[in-house]
Amino acid sequence: MKRQDKDLAFMLQYENIAWYEDGRVRILDRRSYPAKKEFVVCANHQEVAKAIKDMVTQSAGPYTAAPMGMALAAFECKDKKENEQLQYLKQAADTIAHARPTTAKRMEIVCGEAYAAAEKAILAGEDAARAVVSRVIEMNNERYAQIDRIAGYLTAKFPDGGTVMTHCFAETIIGMMLRRCREQNKTVRLFCPETRPYFQGARLTATCCKDMGFDVTVITDNMAAFVMKNEKVDVFTTAADAICCDGHVVNKVGTFQNAISARYLHIPYFVTGAPDPGHPTVDTVTIEMREPEGSLYAMGVRTADEGVKGYYPAFDITPPELVSGVVTDLGIYSPYALNDYFKAAGEGRNKVVV
């Protein structure tokens with residue numbers, strides 16, 4: 001099976017995201033990478049769900065970790081009766097898919113795919129855990145290939161020698177867009193807001209860009225408008241945790257304010273991914289509110305005095321009027337015409353694109 005992660009940065013390689021083997025799932029701990037290259041080892045599917053909730057992995061990482069957790073669940077119940085195995089896996093899918101509320105719809109899809117692979121193997125008397133791992137690799141290949149097509153449309157919007165700003169860790173599209181630029185001998189420089197409190201932009205996005213040989217600069221979260229104007233940013237782009245069918249974009253908190261700045265400065269904002277049929281309108285989205293303490297610390301060091309309150313929404317919502325285009329594997333769509341994507345894709349399109 002041809003692997004679609006060829007020539008991508010270390011943390012975009014399948015085994016370095018999350019991997020099931022011998023009754024364990026190991027997940028790269030993105031909370032400390034790249035300062036430390038450590039893996040969290042999960043002994044059961046509940047620990048996988050907790051690792052996802054605790055941000056051991058994030059962005060598209062959970063879409064590998066979750067089905068690998070299903071492989072682990074299949075291993076856990078392998079000695080049970082056939083119907084008991086299936087019931088156990090249904091419960092495991094529900095537990096893992098709902099580890100984080102905002103992405104639950106997408107997680108239900110990937111866990112459902114893993115369940116289907118396990119069910120088929122169980123009914124055939126085969127190794128269900130191995131069948132799930134094979135399906136995860138297939139799903140990753142499908143998703144990476146789909147995102148590579150997105151990257152083709154997105155990089156066409158990058159002028160050679162241009163400047164691109166992104167936000168948080170857009171995972172696979174970062175690797176794919178830079179691989180496309182490299183294949184086309186197109187030079188771009190990148191600016192990455194740090195995106196605290198986990199600093200994914202500083203630690204993850206910037207590291208991937210560096211690993212792939214590109215000029216990358218980290219800025220603090222409150223510098224975006226200044227940098228857009230003074231460094232002549234050509235394109236602002238992000239992935240999304242959800243793209244509602246009414247054109248609203250749910251992504252790492254800070255995306256909204258950066259989109260406002262981009263619009264004011266006449267810089268296009270392109271979001272990458274497919275619209276979510278599970279979110280027909282923005283009203284279906286639940287914004288995850290994480291522990292307020294998170295905003296009072298920076299990489300484990302408290303920055304506010306005792307008694308000061310914290311506030312920590314994990315995501316915000318950017319309205320369609322600030323979105324220049326939704327870049328999909330089938331082309332670039334107006335945020336007001338996302339139903340056209342489903343018409344072009346055909347019935348049954350429910351792929352997870354991050």
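Below, a biologist asks a modeller how the descriptions of this predicted model are reached.

Biologist: What should I know about the model before we begin?

Modeller: The model is predicted, and local features need pLDDT of at least 70, while side-chain atom pairs count only at pLDDT 80 or more and totals for chains, interfaces and linings use all residues. Residues are numbered from 1 along each chain as its sequence is written, and side-chain values use heavy atoms, with hydrogens and water left out.

Biologist: Why is Asp5 called buried?

Modeller: Asp5 has a relative accessibility of 2%, and the word buried is used under 20% relative accessible area, exposed over 50% and partly exposed in between, with a 1.4 Å probe and protein chains only. Asp5 therefore counts as buried, and its place is in the segment before helix 1, residues 14-17. Helices here are DSSP runs of H or I with at least four residues, strands are runs of E with at least two, and both are numbered from the N terminus.

Biologist: What does Asp5 touch, leaving out residues up to four places away in sequence?

Modeller: Asp5 touches Leu12, Gln13, Tyr14, Tyr144 and Arg179, where contact means heavy atoms within 4.5 Å. The side chain of Asp5 also reaches the backbone nitrogen of Tyr14 at 3.0 Å. That is a polar contact (a pair of N or O atoms within 3.5 Å; within protein, one must be able to donate a hydrogen and the other to accept it, and residues adjacent in sequence count only if both atoms are side-chain atoms).

Biologist: Why are helix 6 and helix 7 called oblique to each other?

Modeller: The axes of helix 6 (residues 128-155) and helix 7 (residues 172-183) come within 8 Å and cross at roughly 55°. Axes are lines fitted to C-alpha atoms, for helices over the stretch in contact, and the angles run from 0 to 180 degrees between N-to-C directions. Angles under 35 degrees count as roughly parallel, over 145 as roughly antiparallel, 65 to 115 as roughly perpendicular and the rest as oblique, so helix 6 and helix 7 are oblique to each other.

Biologist: Which residues make up the contact of helix 6 with helix 7?

Modeller: Among those in helix 6 are Arg143, Tyr144, Ile147 and Asp148, and they belong to a set that meets helix 7 residues including Thr172, Met176 and Arg179. The residues of this contact divide into nine nonpolar, three polar and five charged, where Ala, Val, Leu, Ile, Met, Phe, Trp, Tyr, Cys and Pro count as nonpolar, Asp, Glu, Lys and Arg as charged, and the others, Gly among them, as polar.

Biologist: What makes helix 4 and helix 5 roughly antiparallel?

Modeller: Helix 4 (residues 82-97) and helix 5 pack at an angle of about 165°, with their axes 9 Å apart, and that angle places the two helices in the roughly antiparallel class. By class, their contact has 12 nonpolar, one polar and four charged residues.

Biologist: Which helix 5 residues does helix 3 meet?

Modeller: Helix 3 meets Arg106, Met107, Val110, Cys111, Ala114 and Tyr115 in helix 5. The axes of helix 3 (residues 62-76) and helix 5 (residues 104-123) come within 9 Å and cross at roughly 35°.

Biologist: Why does Arg196 count as partly exposed?

Modeller: Arg196 has 27% relative accessibility, which falls between the buried and exposed limits, and therefore counts as partly exposed. Arg196 lies in the loop between strand 5 (188-193) and helix 8 (200-211), and the backbone oxygen of Tyr297 lies 2.6 Å from a polar atom of its side chain.

Biologist: What is the geometry of the peptide bond from Arg196 to Pro197?

Modeller: That bond is cis, with omega near 15°, and the bond from Tyr33 to Pro34 is cis as well, with omega near 10°. Pro34 is in the loop between strand 2 (24-28) and strand 3 (39-42).

Biologist: Why single out the phi of Asp22 and Lys232?

Modeller: Most residues other than glycine have a negative phi, and most peptide bonds are trans. The phi of Asp22 is near 55°, and Lys232 has a positive phi of about 55° although it is not a glycine. Asp22 lies in the loop between strand 1 (18-21) and strand 2, and Lys232 in the loop between helix 9 (224-230) and strand 7 (235-238). Asp22 is exposed, with a relative accessible area of 69%, and Lys232, at 62% relative accessibility, also counts as exposed.
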